[in-house]
Amino acid sequence: MDIFCKIVNGEIPSYKVYEDDVCLAFLDINPVTIGHTVLICKEHYSDVVDANPEVSMHMFDVAKKLANRAINKLNAKGVNILTNCKEAAGQTVPHFHIHIIPRYDETDGYNPIFTAKENVDFEAVLKEFKED
Ligand code: 5GP
C-alpha cells in the first residue's frame, strides 16, 4: 500500500484542508511555498493517465477551488497547479495527485525552470504526435 493510500485510510496523519467522497487534500510535508497542498484521489489510481476521467475531472475542479482559496485566504498572487505523471516526470508517490502551489513572488521558493530546446523540427514532431 502506498503512502497516500495510508493517508486515505487514516494510518498516517495529515493536515487536511479539503475532503469529499472522491478526494482529499492536505498540506505537503515538504512544502515549496506556504500552503503547498497535495490533492489525492481516495480510490487508488497510479497517475493522471491511469485515473478514471470522472475522478480526474472532479479533482481538477477541486484544485481550482483550492487555488481560489489560496488567493483569497493566503493572499497568494498566483498558483501553480500541476501533476507529475510517472517517475521520468518526477513523480515520487505512485498515487494520482495534483499539487496546488500558491505563489507569492519570485523569491517564494518555487523555481520551475523551462529551458527551451533549439532547432526543433516541428513538422516531424507533429507527424508523430498528432491524432491519427
Ligand atoms: P510527487 O513528486 O510524487 O509529484 O509529489 C509527492 C509529494 O508528496 C511531495 O511533494 C512530498 O513532499 C509529498 N509527500 C510525500 N509523502 C508525504 C506524507 O507522508 N505526507 C505529506 N503531507 N506529504 C507527503
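In which strand is the place of His97? His97 belongs to strand E5, and the legends below return to this residue after an overview of the predicted model.

**Figure 1. Overview of the predicted protein model.**
The protein contains three helices and five strands. Read from the N terminus, these elements follow the order α-β-β-β-α-β-β-α. The C-alpha trace spans about 50 × 35 × 25 Å along its principal axes. The protein has 132 residues, and 33% of them count as buried.

**Figure 2. The ligand in its pocket.**
The ligand occupies the largest pocket. There are 15 residues around the ligand, and those that come nearest are Asp28, Asn84, Thr92, His97 and His99. Sorted by class, this shell consists of seven nonpolar, seven polar and one charged residues. Three elements each supply at least two residues of the shell: helix H1 (3-8), strand E2 (23-27) and strand E5 (97-103). Helix H1 provides the largest share, with three residues.

**Figure 3. Backbone atoms beside the ligand.**
This view shows Leu27, Ile29 and Thr92, each with a polar backbone atom beside a polar atom of the ligand. For Leu27, a backbone N or O atom is 2.9 Å from a nitrogen atom of the ligand. For Ile29, the distance from a polar backbone atom to a nitrogen atom of the ligand is 3.2 Å. For Thr92, a polar backbone atom lies 2.7 Å from an oxygen atom of the ligand. On its own the ligand has 530 Å² of accessible area, and the protein covers 85% of that.

**Figure 4. His97 in strand E5.**
His97 is among the residues that come nearest to the ligand. Is His97 buried or exposed? Its relative accessible area is 5%, so His97 is buried, the limit for that class being under 20%. The side chain of His97 also reaches back along the chain, to the backbone oxygen of His95, at 2.6 Å.

**Figure 5. Two residues with positive phi, Lys86 and Asn119.**
Most residues other than glycine have a negative phi. Lys86 has a positive value, near 80 degrees, and is not a glycine. Lys86 is placed in the loop between strand E4 (78-82) and E5. The relative accessibility of Lys86 is 44%, and therefore Lys86 counts as partly exposed. In Asn119, also a residue that is not a glycine, phi is positive at about 55 degrees. The loop that holds Asn119 runs between E5 and helix H3 (122-129). Asn119 is exposed because its relative accessible area is 78%, where exposed means over 50%.

**Figure 6. Tyr18 in strand E1 and Pro13 in the loop ahead of that strand.**
Strand E1 covers residues 16-19 and includes Tyr18. With a relative accessibility of 24%, Tyr18 counts as partly exposed. Between the C-alpha atoms of Tyr18 and Thr37 the distance is 9.8 Å, and the two residues are 19 positions apart in sequence. Pro13 is found in the loop between H1 and E1. How does Pro13 count at 74% relative accessibility, and why? Pro13 counts as exposed, because that class starts over 50%. Pro13 and Phe26 are 13 residues apart along the chain, and 9.7 Å separates their C-alpha atoms.

**Figure 7. Glu54 and Asp61 in helix H2.**
Helix H2 comprises residues 53-73, and Glu54 is one of them. Glu54 has a relative accessibility of 62% and so counts as exposed. From Glu54 to Val22 there are 32 residues in sequence and 9.8 Å in space, C-alpha to C-alpha. Asp61 is placed in helix H2 as well. The relative accessibility of Asp61 is 33%, so Asp61 counts as partly exposed. Which distance separates Asp61 from Cys5 in space, C-alpha to C-alpha? That distance is 21 Å, for two residues that are 56 residues apart in sequence.

Definitions and conventions: Residues numbered from 1 in each chain as written. Predicted model: local features only at pLDDT ≥ 70, side-chain atom pairs only at ≥ 80, totals over all residues. Heavy atoms only, no water. Near = heavy atom within 4 Å. Polar contact = N/O pair within 3.5 Å; in protein donor to acceptor, adjacent residues only side chain to side chain. Areas by Shrake-Rupley, 256 points an atom, 1.4 Å probe, with all protein chains shown as cover. 1 Å grid on protein atoms, 1.4 Å probe; cavity = no way out; pocket = protein on both sides within 12 Å on 5 of 7 lines; lining within 4 Å. Sits in = over half its atoms within 2 Å of the grid points. Helix = DSSP H or I, 4+ residues; strand = E, 2+ residues; numbered from the N terminus. Nonpolar A, V, L, I, M, F, W, Y, C, P; charged D, E, K, R; others polar. Buried < 20%, exposed > 50% of the residue type's maximum accessible area, 1.4 Å probe, protein only.
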